[in-house]
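Good morning, everyone, and thank you for making the time. Please have the sequence and the structure open in front of you, and I will take you through a few places in turn.

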Amino acid sequence: MSATGGMHRPVRAALLLAVAAAAAGLTGCEVADDVGLPPDAAGPSARSYPARAPLPTRDPELAAAEARNLVELEAVLGSPEGLLFGGSGGIGGTGSSGLGTSGIITRAGQYKVTAACVGAPDAHLSVTQGARQGGTLLERNFDCGEVTEALIDLVPGTASAHLIRYGSGVPGPGTGAVAGVRISFDASGQ
């Protein structure tokens, strides 16, 4: 450091160079505003933006098939006594698309899992709890049109159920296939 300016002189010089570089970079920029433009050219409506692709619309026949299948599914599954959580919906047009739902288990015990599907030949059900709580507790393939039930032991924490289309006979997309699962506390086992 010198007695005449210490470290302040290099810092000032660096700051001056940074400001000059920024000003030089902006000299080629064009700045536009609404001042001096006719009223019809001012504002956002005067700017042109690229057209956005329209959102895909859902096939009305597919939506109707899924709605019919959901009504049938709800009649089959119902709302069991002691229902903790569940879900139902479309299970897609491929063997890897499906439905998932989860809920919080507040007390350890035996729980009843009920699942069904409509509109596909078969489905695959899995019920899991985190690795610390036991991992995969149930895996089952089942035919659609039938209800599958199982009893499992759950501990406090989050539990999840997943349903996917299954098998090599998976119909193509657009079938309206649906599935649902219900997990309820099994009062008969306590």
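**A strand and its neighbours**

Let me begin with β8, where V178, G180, R182 and S184 point one way while A179, V181, I183 and F185 point the other way, and every one of these residues is buried. I should say early on that what we are looking at is a predicted model. The background to that pattern is that, in a regular strand, side chains alternate between the two faces of the sheet. Strand β8 covers residues 178-185, and eight of its eight residues are buried, so that we can call the strand mostly covered, given that buried means under 20% relative accessible area.

Which strands pair with β8? One is β1, residues 83-90, which runs antiparallel to β8 and is joined to it by seven bridges; within this pairing, G86 has R182 of β8 as its bridge partner. Another is β3, residues 109-118, which pairs with β8 over eight bridges, again in the antiparallel sense, and here C117 finds its bridge partner in A179 of β8.

Now let us turn to another strand, β4, which spans residues 122-129 and contains H124. Is H124 buried or exposed? H124 counts as buried because its relative accessible area is 16%, which lies under the 20% cut-off. If we leave aside residues up to four places away in sequence, H124 touches E139, R140, N141, F142, H162, L163, I164 and Y166. With N141, moreover, the side chain of H124 makes a polar contact of 2.5 Å, side chain to side chain.

Key. Residues numbered from 1 in each chain as written. Predicted model: local features only at pLDDT ≥ 70, side-chain atom pairs only at ≥ 80, totals over all residues. Heavy atoms only, no water. Helix = DSSP H or I, 4+ residues; strand = E, 2+ residues; numbered from the N terminus. Buried < 20%, exposed > 50% of the residue type's maximum accessible area, 1.4 Å probe, protein only. Polar contact = N/O pair within 3.5 Å; in protein donor to acceptor, adjacent residues only side chain to side chain. Contact = heavy atoms within 4.5 Å. Pairing = 2+ DSSP bridges.
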